[in-house]
Amino acid sequence: MTRVRAHVARHLTDPALTPAAVARAHGVSVRHLYKAFAAAGASLEQEVIAGRLEAARSRLASPAGRHRPIAATARACGFADASHFARRFRAAYGMSPREWQRAAAG
């Protein structure tokens, strides 16, 4: 699990980071990967989403990020769909990415 989590952290911004890609990189099946996460009381999908959201939150609050389009930040953090990113961001942090960006500026 430690190696898999490190791999995921290194590749968070890659939109091609899929369960199949992670499993292939570690020489295991996708089913085995899911079982290992379940045994650890975790979810691969949730770890990827949480890592990407945290990266986006940091970027949106940075001086350069406050002037960058939300969709560009979403893409840079591995989200292929800006609306999916916005929904997940609001669910995680209780405000939209734009609201977070504005709050960081002021």
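What follows is a chat between a trainee and a mentor about a predicted model of one chain.

Trainee: Before anything else, what is the average pLDDT of the chain in this predicted model?

Mentor: The chain averages a pLDDT of 95, and 100% of the residues score at least 70.

Trainee: And in which helices is the confidence lowest and highest?

Mentor: The lowest confidence falls in helix α7, residues 97-105, with a mean of 92, while the highest falls in helix α6, residues 82-93, at 97.

Trainee: Staying with α6, how far apart are its end C-alpha atoms, and what span should its residues give?

Mentor: The two values agree, because 12 residues at 1.5 Å a residue should span 16 Å, and the end C-alpha atoms of α6 are 16 Å apart. Just after α6 comes Gly-94, whose phi is positive, near 75 degrees.

Trainee: What about Ser-96, where is that placed, and is Ser-96 buried or exposed?

Mentor: Ser-96 lies in the loop between α6 and α7, and its relative accessible area is 13%, which is under the 20% limit, so Ser-96 counts as buried. Leaving aside residues up to four places away in sequence, Ser-96 touches Phe-89 and Arg-90.

Trainee: Switching to pockets, what volume does the largest one have, and which residues are closest to its centre?

Mentor: The largest pocket has a volume of about 240 Å³. It is lined by 16 residues, of which Leu-17, Glu-45, Val-48, Ile-49 and Arg-52 are the closest to the centre. By type, the lining divides into 10 nonpolar, 3 polar and 3 charged residues.

Trainee: Which helix gives the most to that lining?

Mentor: That is α4, with 5 residues; α2 (19-25) and α4 (44-61) each supply at least two residues of the lining.

Trainee: Then tell me about α4: which of its residues are buried, and what do they pack against?

Mentor: The buried residues of α4 are Leu-44, Val-48, Ile-49, Gly-51, Arg-52, Leu-53, Ala-56 and Leu-60, and this buried set packs against α1 (2-10), α2, α3 (30-39), α5 (70-76), α6 and α7. As for its length, the 18 residues of α4 should span 26 Å at 1.5 Å a residue, and this agrees with the 26 Å between its end C-alpha atoms.

Trainee: Last one, Ala-71: which helix is it in, and how accessible is Ala-71?

Mentor: Ala-71 sits in helix α5, and because its relative accessibility is 29%, between the limits of 20% and 50%, Ala-71 counts as partly exposed. The C-alpha atoms of Ala-71 and Leu-33 are separated by 31 Å, the two residues being 38 residues apart along the chain.

Notes
Residues numbered from 1 in each chain as written. Predicted model: local features only at pLDDT ≥ 70, side-chain atom pairs only at ≥ 80, totals over all residues. Heavy atoms only, no water. 1 Å grid on protein atoms, 1.4 Å probe; cavity = no way out; pocket = protein on both sides within 12 Å on 5 of 7 lines; lining within 4 Å. Points joined across faces, edges and corners; volume = space filled by probe spheres on them. Helix = DSSP H or I, 4+ residues; strand = E, 2+ residues; numbered from the N terminus. Nonpolar A, V, L, I, M, F, W, Y, C, P; charged D, E, K, R; others polar. pLDDT = per-residue confidence, 0-100. Expected span 1.5 Å × (residues − 1). Buried < 20%, exposed > 50% of the residue type's maximum accessible area, 1.4 Å probe, protein only. Contact = heavy atoms within 4.5 Å.
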